[in-house]
Amino acid sequence: MRDGLDNQLPDDSSRSIWRIFRVNVLTLFNGIVLGGFLLLVLLGHWRDALFGFAAIANSIIGVSQEYRAKRLLDRLAILDSSNARVLRDGTVQHVAVEDVVQDDVLIVRAGDQVAADGVIIDDDGLEIDESLLTGESEPVDKSHGDEILSGSLVVGGQGRARVTRVGEASYSSRLTVEAKRFAMFNSEIRNSLNRLLGWITWALLPITAIVVNGQMQAYGGWEYALSSGAWRDAVVGVVASIIAMVPLGLVLISSVAFAVGGMKLAGMNVLVQELPALEGLARVDVLCIDKTGTLTDGAMIFDAVHDTAKVPPAGWRQVLGWFGDDPIANTTARCLATEFSASDGLEALSSVPFSSERKWSAVTFTDDCGSAGTWILGAPEFVLSPAAPHADQTLQKAAELAAAGLRTLILAHSPEQPSTGGDPSSPSLPDNRVPVTLLTFRERVRSDAAQTLAYFQKEGVEIRVLSGDDPLTVAAVAREVGLPVERGYDARTLPEDLDELSEVMANNVVFGRVTPYQKRDIVRALHARGHVVAMTGDGVNDALAMKEADIGIAMDSAAAATKAVSRLVLLDGRFDRLPVVVAEGRRVIANIERLAMLFLTKTAYIIVLSVVFGALLWEFPFLPRQLSATDGLTIGIPALFLALMPNTSRYVPGFLRRSLSFAVPAGATIAGALIAVGIYSRSGTGHGEGAQTSAVITLALIGLWVLIVLSRPLNLWRVLIIGSMYVGLVLLLVVPFVRDFFSVAWPPTDQLIASLIISFIACAGIEVMFRLNRTSRRRLLIANGPGHQNTEVPAQRPSRD
């Protein structure tokens with residue numbers, strides 16, 4: 001303990017609470033918003049400071065998301081057991097897993113999880129399942145001198161092992177050190193919004209200078225404004241223009257859309273560990289899947305009986321039932337119990353348990369039980385002698401079955417008993433062995449695997465199967481779930497160079513004998529070719545690749561470490577949940593893109609207005625509260641509903657480019673209309689609240705038309721929402737206390753008519769822009785290929801509940 005040779009893992013935080021707070025709260029935009037908020041409150045204009053609550057909500061959602069991710073990663077642990085058995089001072093003691101030290105003697109029994117790496121001292125039929133670490137589904141027999149790895153499971157027998165590696169040096173710890181590093185999901189939506197906010201940041205300083213000067217000049221010049229106190233009103237206009245440039249509502253509505261999608265999937269037993277990961281599967285074009293635990297449930301089942309050339313002796317089916325019911329049978333032999341039943345009259349004279357060295361087990365029955373003689377169950381090449389009758393045909397048939405990916409055993413019979421040669425611990429096979437029948441076993445394939453893979457293939461998503469098992473076995477499972485493969489690629493021959501590796505990945509589908517580090521490199525190679533990669537798995541051996549992938553998906557049976565680094569967890573283990581996740585991701589992405597066009601249109605026209613009105617030394621045409629009203633009617637309130645509505649549009653890359661391609665010209669059109677209204681107001685009789693109301697009406701009418709075109713195709717609910725916004729606009733203009741709160745007054749008739757005409761012309765221009773934008777998107781969809789056109793989600797099979 002003093003020398004640090006215990007099993008304690010470092011408890012370092014993946015991301016400090018202070019850093020999470022600083023990244024989400026102490027930002028430039030929050031500083032701008034908070035500064036504007038406090039300034040207006042101090043000046044007594046609290047009605048114009050409503051925008052501050054959106055920034056607070058954004059910060060709370062961001063901090064809570066990242067803090068949750070931090071807690072999950074900090075709890076990352078391979079070992080599920082809390083105690084281990086060790087031999088100290090001649091007695092077996094129970095100690096905490098972290099208190100196991102180097103050179104301790106571990107006592108391991110069936111059902112235990114190995115606490116630390118070690119070397120076997122002695123064993124009694126010890127059988128270890130290393131699938132969580134290596135991906136190889138078949139349990140491994142361990143004997144004196146063999147190594148056992150921390151995190152593996154004891155599925156049979158018992159033994160003692162001397163601990164050789166502890167803590168960070170253990171195999172499982174080395175696998176998860178890299179996985180424990182914090183990394184947020186690579187969200188195109190979040191990245192696009194961050195990039196956009198970065199651009200606005202650079203634009204704010206010069207635009208702010210123009211706006212401040214323009215407002216001060218509009219209120220009589222710097223000297224007069226400062227001496228008379230008019231600067232207070234000028235500040236309100238400055239804050240209105242600057243805050244309106246920041247699309248805070250878009251970030252908030254995006255967070256709400258992701259959160260609601262996460263709640264919806266949680267109701268279907270899909271845990272979304274990081275909300276923006278919802279868009280992940282909608283973007284994926286390569287799905288890497290583990291065999292054990294994903295395509296199969298990890299259980300071995302009996303497959304079939306294959307007759308040999310010799311007619312089997314009587315009672316062989318009852319003998320197979322005895323092997324299946326044997327309390328010390330290995331996992332493969334136990335599968336026989338579901339197909340064969342042992343006779344009550346079978347009385348064993350002697351038996352030889354299975355050994356990984358011998359590769360066979362045997363039992364001898366009495367002469368009066370109907371199954372007299374010795375029966376041997378084991379690997380054909382070890383059990384059957386080449387001189388045995390029909391040996392050549394039987395061994396050839398066994399090889400063909402094994403080449404098809406099936407685990408193959410042979411049942412043989414001999415009238416003689418096994419010979420011990422004076423050493424009972426080393427029995428040898430009896431003479432005169434003859435083949436009785438061949439038996440094949442296979443992994444149980446999940447009932448939903450074939451349907452789910454077929455869905456992804458129709459959607460143009462490429463499939464790669466990565467497993468630690470034999471390539472022949474993996475290929476057999478792949479064929480069973482509908483993948484057209486002849487053979488698997490042996491990963492032991494994979495190149496280390498990423499360019500060469502990516503070439504191999506492009507030409508092969510199924511890979512066997514893949515190590516955890518190779519899985520990670522495979523994901524990197526796919527990334528190098530521009531692919532968006534999803535990785536499913538359940539073992540620790542999958543954690544590195546899942547961390548490297550764009551989106552990791554853990555099954556319900558996954559190790560704790562694998563679940564912690566995944567983005568999605570299928571809590572009920574149903575693989576057919578993934579198409580539903582795709583549909584939900586598409587809904588979120590498509591709706592957020594629609595809303596981004598709304599919000600960015602506002603950002604565009606505010607920037608143009610700020611520059612033009614500032615350069616012309618005109619008073620800014622809106623109060624902050626008036627912008628809050630128009631925002632609520634044309635963007636905020638309808639956005640909350642539109643973000644949650646169904647949308648099956650398929651994801652197409654280029655979210656930000658498409659959003660700006662509509663928002664910038666639409667925003668420029670709105671700004672042009674508002675400038676025209678401002679010119680008319682200054683040339684006529686409209687001044688003060690009347691001029692501001694003309695601008696409010698113009699902005700609201702054009703903004704509502706933008707809402708209409710972006711809400712297409714219209715349905716009853718969307719028509720009701722938009723109609724309600726028009727009603728809200730009328731109430732804003734006619735209800736006295738509402739008019740007083742937002743400082744609006746009915747404009748002169750000529751100015752109202754001018755506003756309506758300008759609004760109509762601008763709406764026509766926006767209609768043309770929308771149609772051109774929609775045509776461009778359709779061309780992009782066609783260019784992405786016909787495989788992507790299918791948007792149907794397979795029907796869900798009934799829940800096991």
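**Exercise 1: the start of H25**

Which backbone nitrogen does a side-chain oxygen of Asn715 reach at the start of H25?

Before solving it, some ground rules. This is a predicted model, where local features need pLDDT of at least 70, side-chain atom pairs count only at pLDDT 80 or more, and totals for chains, interfaces and linings use all residues. Residues are numbered from 1 along each chain as its sequence is written, and side-chain values use heavy atoms, with hydrogens and water left out.

*Solution.* Go to the beginning of the helix and look for a polar contact (a pair of N or O atoms within 3.5 Å; within protein, one must be able to donate a hydrogen and the other to accept it, and residues adjacent in sequence count only if both atoms are side-chain atoms). The partner is Trp717: its backbone nitrogen has the Asn715 side-chain oxygen within 3.2 Å. Helices here are DSSP runs of H or I with at least four residues, strands are E runs of at least two, and both are numbered from the N terminus.

**Exercise 2: the faces of H25**

Work out how H25 splits into a buried side and an exposed side.

*Solution.*
- Step 1, the length. H25 covers residues 716-734, and its 19 residues reach 27 Å from first C-alpha to last, close to the 27 Å expected at 1.5 Å a residue. The expected span is 1.5 Å times one less than the number of residues.
- Step 2, the buried set. Use these cut-offs: buried is under 20% relative accessible area, exposed is over 50%, and partly exposed is in between (1.4 Å probe, protein chains only). That picks out Arg718, Ile721, Ile722, Met725, Gly728, Leu729, Leu732 and Leu733 as buried in H25.
- Step 3, the arc. Looking down the axis of H25, the buried residues fall within an arc of 135°, so they line one face of the helix. The arc is taken over directions from the helix axis to the C-beta atoms.
- Step 4, the other side. Leu716 and Trp717 are exposed on the face of H25 turned away from the buried side.

**Exercise 3: the loop before H25**

Find the cis peptide bond around Pro713 and place it.

*Solution.* The bond running from Arg712 to Pro713 is cis, with omega near 0°. Pro713 sits in the loop between helix H24 (688-710) and H25.

**Exercise 4: two positive phi values**

Asp89 and Ser743: which is buried and which is exposed?

*Solution.*
- Step 1, Asp89. Its phi is near 55°, a positive value in a residue other than glycine. Asp89 lies in the loop between strand E1 (83-88) and strand E2 (91-96), and with 78% relative accessibility it counts as exposed.
- Step 2, Ser743. Phi is near 55° here too, again positive in a non-glycine residue. Ser743 lies in the loop between helix H26 (736-742) and helix H27 (749-783), but it is buried, at 12% relative accessible area.

**Exercise 5: the surroundings of Thr634**

Describe what Thr634 in helix H22 touches.

*Solution.*
- Step 1. Thr634 belongs to H22 (residues 624-642) and is buried at 5% relative accessible area.
- Step 2. A polar atom of the Thr634 side chain lies 2.7 Å from the backbone oxygen of Thr630.
- Step 3. Contact means heavy atoms within 4.5 Å. Leaving out residues up to four places away in sequence, Thr634 touches Leu598, Ala700, Gly703, Leu704 and Leu707.

**Exercise 6: H15 against H21**

How do the axes of H15 and H21 cross, and which residues meet?

*Solution.*
- Step 1. The axes of H15 (residues 449-458) and H21 (residues 578-615) come within 9 Å and cross at roughly 35°. Axes are lines fitted to C-alpha atoms, for helices over the stretch in contact, with angles from 0 to 180 degrees between N-to-C directions.
- Step 2. From H15, Thr452, Tyr455 and Phe456 meet Leu578, Pro579, Val582 and Arg586 of H21.
- Step 3. Sorted by type, the residues of this contact are five nonpolar, one polar and one charged. Ala, Val, Leu, Ile, Met, Phe, Trp, Tyr, Cys and Pro count as nonpolar, Asp, Glu, Lys and Arg as charged, and the others, Gly among them, as polar.

**Exercise 7: the whole chain**

How many helices and strands does the protein chain have?

*Solution.* It has 27 helices and 21 strands. Of its 801 residues, 55% are buried.
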